[in-house]
Amino acid sequence: MLNKNEINSTFAVTAMYTNYHLFLNETYKFDGERHNFWEIVLVLGGSLGVTCDDKILELSKNQACLIRPNIFHKNWVIGHKNAEIVVLTFELLGSDIDNFGNRIYNCGETLDIIKNILTECERWIYEKGTYGFCEKKNSDKNSPQMVKNLLEIVLASFFRQEDHKIKPPKNAGTKIFNLAVNFMKENTKETLTLLNISKHCHISDSTLKKVFKKYTGLGVMHYFTDMKIQATKIYLIEGYAISEIADIFNFSSQNYYAMVFKKLTGLSPRDFKKEYEAS
């Protein structure tokens, strides 16, 4: 059994956001999303498909996926059996986490710890729009820190598995998806079209559309535009003018860039920068 002393001291869970213990039927599909915090998806029963960035993962019983902040992800039940899963979201800080996550981990040795996390979380509620815990009456005041400590133990187990990676499945669809997404990543500053991307993948437009619909629930160009907008955020944070960013990423105008940014993020570029600076 792992203990707190074994945790790599270079990372720490600084806030817990949500926890879910879900029972999913065989038709379940979760629409894709991005968010600015970390997420663990753990399978306790059945199998789950997960789109995670450019990877398509298949999680079996007692396996988990650790998803980094601002990474597109989507999941669905595989096969004709129901699935039981746990989802934990949290903030993680540290100096050794740049390449941590976005892959499959085995959870056999930490299952009891994860169950303890769920039990402890039942004593606490979360206040919408704020970070950390809101206290329930008569709660153990040590529980919030206890949950963070327990989660750090789980993450330490994941960290030690980094050199023993479980390879994701490979088939025609996953290969096409991986190839297309990486091509998009290399060309976020270009004006790609559906034809550009499908030609790069050596497939028809219709096949590419089907692959993205299956693994993301989005259209190909919607996915690419969202990727472009995510890539512009670092430029906003670094102080580039909106007009400069629009030019760098080949948007037709700064007004169009601002419109698309707000449509996909819910904030204007200026409001995003203000929110970041205030955090």
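Me: How many aromatic pairs does a search of the whole structure find?

Reply: In this predicted model, the search turns up 19 aromatic pairs.

Me: Take phenylalanine 11 and phenylalanine 100. Why is this pair called tilted?

Reply: Their ring planes meet at 40°, which is neither under 30 degrees nor over 60, so the label is tilted. The centres are 6.2 Å apart, and that is within the 6.5 Å needed to count as a pair.

Me: What makes this a link between distant parts of the chain?

Reply: The two residues are 89 residues apart. Phenylalanine 11 sits in strand β1 (residues 11-24), while phenylalanine 100 belongs to the loop between β8 (83-94) and β9 (103-106).

Me: Are these two rings buried or exposed, and how do you know?

Reply: Buried means under 20% relative accessible area. Phenylalanine 11 has 3% and phenylalanine 100 has 1%, so both are called buried. Both also join a cluster, linked by ring pairs, with Trp38, Tyr105, Phe158 and Phe159.

Me: Which residue lies over the face of tyrosine 105, and what makes it count?

Reply: That is arginine 103, at 4.2 Å from the ring centre. The distance cut-off is 6 Å, and the arginine is placed over the face of the ring.

Me: On to threonine 51. Why is it called buried?

Reply: Its relative accessible area is 0%, and the limit is under 20%, so threonine 51 qualifies. This residue lies in strand β4 (residues 48-52).

Me: What does the side chain of threonine 51 reach?

Reply: It reaches the backbone oxygen of tyrosine 215 at 2.5 Å, inside the 3.5 Å limit for a polar contact. Leaving aside neighbours within four places in sequence, threonine 51 is in contact with residues including Phe72, Trp76, Phe177 and Tyr215.

Me: Which residues touch the most other members of the largest nonpolar core?

Reply: Ile40, Phe90, Leu151, Leu155 and Phe158 do, in a core of 31 residues. At least two residues each come from β1, β3 (38-45), β6 (63-67), β8, α1 (111-121) and α2 (143-160). The largest share, eight residues, is from α2.

Me: Which residues is leucine 151 in contact with, leaving aside its neighbours within four places in sequence?

Reply: Leucine 151 is in contact with Val13, Met16, Ile40, Leu88, Phe90 and Ile117. Contact here asks for heavy atoms within 4.5 Å.

Me: Which residues does the second, separate core include?

Reply: Among its 21 residues are Leu192, Leu194, Tyr215 and Val220. Tyrosine 215 is also the residue whose backbone oxygen the side chain of threonine 51 reaches.

How values were computed: Residues numbered from 1 in each chain as written. Predicted model: local features only at pLDDT ≥ 70, side-chain atom pairs only at ≥ 80, totals over all residues. Heavy atoms only, no water. Phe/Tyr/Trp six-rings, centres within 6.5 Å; stacked < 30°, edge-to-face > 60°. Helix = DSSP H or I, 4+ residues; strand = E, 2+ residues; numbered from the N terminus. Buried < 20%, exposed > 50% of the residue type's maximum accessible area, 1.4 Å probe, protein only. Lys NZ or Arg CZ within 6 Å of the ring centre and 35° of its normal. Polar contact = N/O pair within 3.5 Å; in protein donor to acceptor, adjacent residues only side chain to side chain. Core = buried A, V, L, I, M, F, W, Y, C linked by side-chain atoms within 4.5 Å.
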